[in-house]
Amino acid sequence: MNRTEECESCPLAGAPPRARVLAIVGPPNSGKSTLFNRLTGLSQKVANYPGVTVEQRTGKVRLGRDREVTLIDLPGIYSLVPCTEDERVAHDVLTGRMPGVPQPDAVIIVLDANVLSRHLMAAAPVLALGLPALVVLNMADELLSRGGQVDTAALSEHLGAPVALVSALRGEGFQAVYDFLEGRLHAGTPRLDRALLGDFPRCRRWAQHLGERAWQPPEPSLWSRRLDGVFLHPLAGPLIFLGVVVAVFQAMFAGARPLMEGLQALIHSSGGWVSALLPPGPLESLVSDGLCGGVGSVLVFLPQILLLFLFLGILEDSGYLARAALIADRTMARVGLQGKSFIPLISAYACAVPAVLATRTIENRRDRIATILIAPLMTCPARLPVYTLIIAAFLPERPLLGPLLGTRAAALLGLYALGLLAAIATARLLKSSILKSERTPFVLELPPYRRPTLRSLGLRLLDRTKIFLRRAGTVILGVTVLLWVLANLPVEDGRRPPIEHSYAGALGRAVEPLIRPLGFDWKIGVGLISSLAAREVIISTLGAIYGLEGDASLTGLQQAVRRDLTPAAALALLVFFAFAMQCISTIAVVRRETGGWKWPAIQFAYLGLLAYGGAFLAYRLAGLLL
Amino acid sequence: MLQLVFNKPARRASAPGASRVPPSALSELPEGAQGIIERLDLPEDVAHRLMALGFLPGVRVRAVRSAPGGDPRVYRIEGTEIALRCETAAQVKLRPPAADDPGE
């Protein structure tokens, strides 16, 4: 892009400057998102699993001297036949039928050079649209290191479009891409026999023929097969899967601890420092009790949540998650779902919102709805603060399996299992009643194992931190301040009222009869009401409520809940949080994805009943046993 | 072959009255063996999905391994590994492996 202008054929020469719009399209797992990130510098979720990009994203590429082009990253598609939601999106954008998205001036077709013959089939319908196209053969480094070869000149001649061999991961071979972005690279319009398009076998033969002429397929990588021999071994495979899960939990609990304690000390001392600067009064109380005691007590959990995402990211980027889906398919089939539901459900452990979006790869609508309905039962990190607080307050840490597994990690694992079991039972019930359907075929591509890059993991964690801080700064802060106000009104004799007499106290007392059967008092009641917005808000609420009575630090909170809850009620609270749908964002995304209020309403109601019933049972049973 | 014992038994035995051996199904291909696809007896949407992935008449496919428990199984086609449940693979019919030169 630092060449001098030598393009007489440039269509933009002399024309008024208009931002070019280009779309990136290609089959799943061909590295579109990596290319997109490399070009735009934007962070976008990149994962080594087919079907991760579920919404198209837009970014700008700077081409020096304040010229830029707009790039649209489309979801991965195998064809332009609108079979899945992803394919419909890609089709509509490319043909200019997507409202609000301009029709692209040109298109970059990204193909995995390692499976070129197959990926050419996905290129054919895009080339046939007649837009100026650049064919990018990605993962050149892998192709060459595994002994494959490609003749780009021959391929370019047959496709009637320029062909670039690149490695998006390493940033190699990008000169041609930049030339194309600038509109400097032209090879006429693609020529392609339109009769190919409707005829899959013919199209396939065309692709295979072309592949034979211009492409030497790579040798299958030996170590990828060896790894599969271990990870999919009939005995070792499931054991390793379990081992990985246990290790992640133990590391989350034990490994995050020093970080959390450090952050806690930092927040506590900075809170004390700020409140020392302020004159004593309502403002000082808002800062020290409301902000530090409330929002601060949620911020402490950031290291734990980031650790979870680090592990999930490693599993996803390395390609192991696809193997996990394969191992899980048999079990999923037994409850009437398929292995493809497993990936959204695994993502739901990170957050239900992307999980609901990821269900778009499921072709069968009933399977899709069933997966959406059970997704919130997967334990998302917003529950971790509650789980951690209660477990740490009531369960002493003792080794169970030597240093491998402690009681607290085991309890946490048990809560994850509880959510999973409830999800399985619900899925079974749904699939044998209101969402009954034909069994849908399970087709899963196993990507080669790849080493997760620090760049991709780093971007992912940065994204997560931003989302968490935004949440802490908006929903959690808002609810916390509101509760602080409710807890400080009405003013009695010019002073704040005892918490029992405040509006917050009155609110809690109003719901107390309803939650008394679960062993909760009015303080937990206030927490439950506030946590309807987001689960972790209960921590900041309790922090604020107990903060009004004194020490709001983490251990202070633990002591306070130990004082107010019996062990049976603590268990009931855990069960309640395992099941209840306390998340505005999830409700909103389910409404958007299912196209109405029907399914989110059903979902909220059944999860609420499950939570109440489960908590009641837990309270009664534990009361009998303890 | 011993591996055949562990695979799902064929739903129906040889078709009565057929003069030549009916094509065996992909699901019956022993692990490590190769076959050439003859046809896909699947609903159109499923067939198209598999075709897009490379499951087409004349294309060579190898059974690579199975998931723990034996189902789904992993097949290698054109350098890519793809997992299918046995119920789906049973509807992908193979040419008898005797005609053993590259298809098409």
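Begin by selecting strand β4(B), where both faces are covered: B:T80, B:I82 and B:L84 on one side, and B:E81 and B:A83 on the other, are all buried. What you have on screen is a predicted model, and the tour starts from this strand and works outwards. Taken as a whole, β4(B) is mostly covered, with five of its five residues buried.

**The neighbours of β4(B)**

Add strand β3 of chain B, residues 73-77, which runs antiparallel to β4(B) and is joined to it by five bridges. To find one of the pairs, pick B:R73, whose bridge partner in β4(B) is B:L84. The hairpin of β3(B) and β4(B) has two residues between the strands, and within this hairpin B:E78 takes a positive phi near 50°.

Now bring in β9(A), which pairs with β4(B), residues 80-84 of chain B, in the antiparallel sense over four bridges. Centre the view on A:L444 to see one such pair, since its bridge partner in β4(B) is B:A83.

**The sheet that spans both chains**

Widen the selection to the whole sheet, which is open and has six strands in the order β9(A)-β4(B)-β3(B)-β2(B)-β1(B)-β5(B), with antiparallel pairing. β9 of chain A and β5 (92-95) of chain B stand at its edges, each with a single partner strand, so one side of each is left without a neighbour in the sheet. From one strand to the next, the twist averages 45°.

At the β5(B) edge, select strand β1 of chain B, residues 34-40, which is joined to β5(B) by four bridges and runs antiparallel to it. Here B:L40 has B:V92 as its bridge partner in β5(B).

Return to the other edge and display α12(A), which lies across β9 of chain A together with β4 of chain B and runs at about 145° to β9(A).

**The contact between the chains**

Next, colour the residues where the two chains touch: the contact takes 31 residues from chain A and 28 residues from chain B. On the side of chain A that touches chain B, the elements giving two or more residues are α3 (116-127), α7 (200-214), α9 (236-277), α12 (320-334) and β9 (443-446) of chain A. The residues on this side of chain A divide into 20 nonpolar, four polar and seven charged.

**The mixed sheet of chain A**

Hide chain B and select the open sheet of chain A, in which six strands follow the order β2-β3-β1-β4-β5-β7 and the pairing is mixed. Its edges are β2 (57-62) and β7 (163-165) of chain A, each with a single partner strand, so one side of each is left without a neighbour in the sheet. The twist in this sheet averages 25° from one strand to the next.

Within the sheet, pick strand β1 (residues 21-25) and strand β3 (residues 68-73) of chain A, which pair in the parallel sense over four bridges. One residue to label is A:V21, whose bridge partner in β3(A) is A:T70.

Two helices can then be added. Helix α1 of chain A, residues 32-40, lies across β1, β2, β3, β4 (106-112) and β5 (133-138) of chain A, and runs at about 160° to β3(A). α3(A) also packs on the sheet, touching β1, β4 and β5 of chain A, and its direction makes about 165° with that of β4(A).

**A helix pair in chain A**

Move to helix α19 (residues 503-515) and helix α20 (residues 522-530) of chain A, whose axes come within 7 Å and cross at roughly 100°. α19(A) and α20(A) are therefore roughly perpendicular to each other. Residues making the contact include A:L507, A:V511 and A:I515 of α19(A), and A:W522, A:V526 and A:I529 of α20(A). The residues of this contact of α19(A) with α20(A) divide into nine nonpolar, three polar and three charged.

**Where to read the model with care**

Finally, colour chain A by confidence: its pLDDT averages 79, and 85% of the residues score at least 70. Over residues 1-16 of chain A pLDDT stays under 50, and for this stretch the model has 10 contacts beyond four places in sequence. Residues 46-54 of chain A also stay under 50 in pLDDT, and for them the model has 39 contacts beyond four places in sequence.

Terms used:
Residues numbered from 1 in each chain as written. Chains lettered and ligands numbered in written order. Predicted model: local features only at pLDDT ≥ 70, side-chain atom pairs only at ≥ 80, totals over all residues. Contact = placed C-beta atoms within 7 Å. Nonpolar A, V, L, I, M, F, W, Y, C, P; charged D, E, K, R; others polar. Pairing = 2+ DSSP bridges. Axes fitted to C-alpha atoms, helices over the stretch in contact; angles between N-to-C directions. Parallel < 35°, antiparallel > 145°, perpendicular 65-115°, else oblique. pLDDT = per-residue confidence, 0-100. Buried ≥ 20, exposed ≤ 12 C-beta atoms within 10 Å, placed from the backbone.
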